[in-house]
Amino acid sequence: MAGEPQDADVQADSATLGAPRHGVAEPRGQEGVPLSALHEGRFGRMFRDPRPLDPGIDAINALVKLVKESGSAPAGDNAKIPAGYTYLGQFVDHDITFDPLSVLQKDNDPDALVDFRTPRFDLDSLYGSGPDDEPFMYEWSSPSNRGVKLLVGRNPNSGEFDIADLPRNQQARALIGDPRNDENIIVSQLQLLFIRFHNKVVDRVRTNQKLEGPDLFREAQRIARWHYQWIVVHDFLQRVVGRQTAESVLRPGDAGATTDLQFFRWQNNPFMPVEFSGAAYRFGHSMVRAAYDLNDVVTGVPIFAEADKPGPLEHLGGFRRLPAAWTIDWSHFFKTSAKAKPQLSRKIDTSVSAPLHRLPPGLDKGRHSLPQLNLRRGRALGLPSGQDVAEAMGFLPPLTAAELGLGKVDLPPAGRAALQRATPLWFYILREAVVQGGGERLGRVGGRIVAEVLVGLLAGDPQSYLGRKPAWTPILPSATRGDFTMPDLVNFTLG
């Protein structure tokens, strides 16, 4: 994710296949940060009164050890969330957050973290800044589709690669609006699916509305965006936080949906809360499987390469042309029909799969533990404890020591007691998902943060369907009239 890390801390080594483009830097400054003075436009804080938590490096290391040990047990599948939603969450994250300057070499003041990605569900990772400014992402050879359709790439017909792929340069780097959407095979194929979705909408609008040129592009873009926005808040969000929490924030009504934002508020334009980007939305890391089936033939492919050396190994690392026969059959990731049996995501809990404890090397050539990076980043950003956020929300009592599962954490008694009183927000939210959601959805604190931010960003965008037509419902073909889900998008696009 989705749930992948939200910041571009370190650029990947171009020679290292499968190396992540972000989330692998070691944060060195550990003293916390001053509270952001901003209520808009950049990264900021949702909760301004709780003190930053500094659990200390010993407590962080002990939590990482606990997470690693729990991850060695057989993984539990989440029967409510097919595996495709893990990577839809990552795609959504890349659409709303991009911080190429945050290297965590010092404490990160949210005032100084500029969100270069617009905090809107506008698919700018797909469209960039448009066909005039970024023509390399668009079709120009077809007279009727010049600057209207997005470009689908074609690999050399050598038998080594699948023909259809993202458009790429001579060094196999994807020519897309956000390079992070090429960091693994699944999210790169999801990017390609959305490219084709836009192009299919273009054909439909041209036929039904008789539009051409820039007018055709703008109308197809609007329709694609609004259906994508619907998926985010009615399909993805309801799955990860539960329908009750989702509809308590985005309330349905005959005259259109209304919002109830109790904690995510801004002055003029929405900002990106660090409680969301640095902790709550990182729940998706726990959903990542160690390996995936791409289709009926290519199965059990590991998410990362096992070896430290680069090379054409069988893994899902990106930044390369799509290997032959690796085109994803999306029925393996979403329930696209009654007969489809997609592989499932892992449960939302502290049992992070083993490959995420040893990420592929980046520029520093070292391998890192993603749970440790999450905890160290939370410390560097000065995030409050889970207990303090629960109190600020009025969700009392907070999780008990027994519910936190810290009885066997490798710390002296005093350190263990301190960690039970004040637990890092990321770990707290994962444990809350186990206690309150059975690992199938987020709990009260994590669910409310995620729901308010996703709905709030939509409500704060005057061009979104919620901003312009709150009573709007999807118009594209779907299994249920007036609804639109990821399976519907797959079937509409590829059917």
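Colleague: Which residues lie nearest the centre of the second largest cavity?
Modeller: General idea first: on a 1 Å grid over the protein atoms alone, a cavity is a set of points where a 1.4 Å probe fits but cannot get out, and lining residues have an atom within 4 Å of a point. Here, 13 residues line the second largest cavity, and Leu375, Gly378, Arg379, Pro424 and Leu425 are the ones nearest its centre. Helix 8 (370-380) and helix 12 (425-437) are the elements that each give two or more residues to that lining. Helices (H or I, at least four residues) and strands (E, at least two) are DSSP runs, numbered from the N terminus.
Before we go on, this is a predicted model, where local features need pLDDT of at least 70 and side-chain atom pairs count only at pLDDT 80 or more, while totals for chains, interfaces and linings use all residues. Residues are numbered from 1 along each chain as its sequence is written, and side-chain values use heavy atoms, with hydrogens and water left out.

Colleague: How much space lies in the second largest cavity, and how many cavities of 30 Å³ or more does the search find?
Modeller: A volume is the space filled by probe spheres set on the grid points, which are joined across faces, edges and corners. By that recipe, the second largest cavity holds about 90 Å³, and the whole structure has 6 cavities of 30 Å³ or more.

Colleague: What classes of residue make up the lining of the second largest cavity?
Modeller: Sort them like this: Ala, Val, Leu, Ile, Met, Phe, Trp, Tyr, Cys and Pro are nonpolar, Asp, Glu, Lys and Arg are charged, and the others, Gly among them, are polar. This lining has 9 nonpolar, 3 polar and 1 charged. Helix 8 supplies the largest share, 4 residues.

Colleague: Why is helix 8 described as largely enclosed?
Modeller: Check burial: buried means under 20% relative accessible area, exposed over 50%, and partly exposed in between (1.4 Å probe, protein chains only). In helix 8, 11 of the 11 residues are buried, so the rest of the structure largely encloses this helix. Among them are Leu373, Asn374, Arg376 and Arg377. Those buried residues pack against helix 1 (57-71) and helix 12. Just after helix 8 comes Gly382, with a positive phi near 70 degrees.

Colleague: At what angle do helix 5 and helix 13 pack?
Modeller: Axes are lines fitted to C-alpha atoms, for helices over the stretch in contact, and angles run from 0 to 180 degrees between N-to-C directions. Helix 5 (residues 213-241) and helix 13 (residues 444-459) sit at about 175 degrees, with axes 11 Å apart. So helix 5 is roughly antiparallel to helix 13. The bins are under 35 degrees for roughly parallel, over 145 for roughly antiparallel, 65 to 115 for roughly perpendicular, and oblique for the rest. The contact (heavy atoms within 4.5 Å) includes Val232, Val233 and Phe236 of helix 5, and Val450, Ala451 and Leu454 of helix 13. By class, this contact has 10 nonpolar, 2 polar and no charged residues.

Colleague: And what is the angle between helix 2 and helix 4?
Modeller: Helix 2 (residues 84-96) meets helix 4 (residues 185-209) at about 70 degrees, with axes 10 Å apart. That pair is therefore roughly perpendicular. Tyr87, Leu88, Gln90 and Phe91 of helix 2 touch Ile186, Val187, Leu190, Gln191 and Phe194 of helix 4. Those residues split into 7 nonpolar, 2 polar and no charged.

Colleague: Is Ser125 buried or exposed?
Modeller: Ser125 counts as buried because its relative accessibility is 0%. You'll find Ser125 in helix 3 (residues 124-127). Its contacts, leaving out residues up to four places away in sequence, include Phe91, His94, Asp95 and Gly177. Gly177 is 52 residues from Ser125 in sequence, yet their C-alpha atoms are 4.4 Å apart.

Colleague: Which residue in the loop between helix 2 and helix 3 should I look at?
Modeller: Start from the general rule: most residues other than glycine have a negative phi, and most peptide bonds are trans. Leu123 lies in that loop, and its phi is positive, about 55 degrees, although Leu123 is not a glycine. Phe319 has a positive phi too, near 60 degrees, and sits in the loop between strand 9 (301-302) and strand 10 (344-346).

Colleague: Where is there a cis peptide bond?
Modeller: Look between Leu396 and Pro397, where omega is about 0 degrees. Pro397 belongs to the loop between helix 9 (386-393) and helix 10 (401-404).

How values were computed
1 Å grid on protein atoms, 1.4 Å probe; cavity = no way out; pocket = protein on both sides within 12 Å on 5 of 7 lines; lining within 4 Å.
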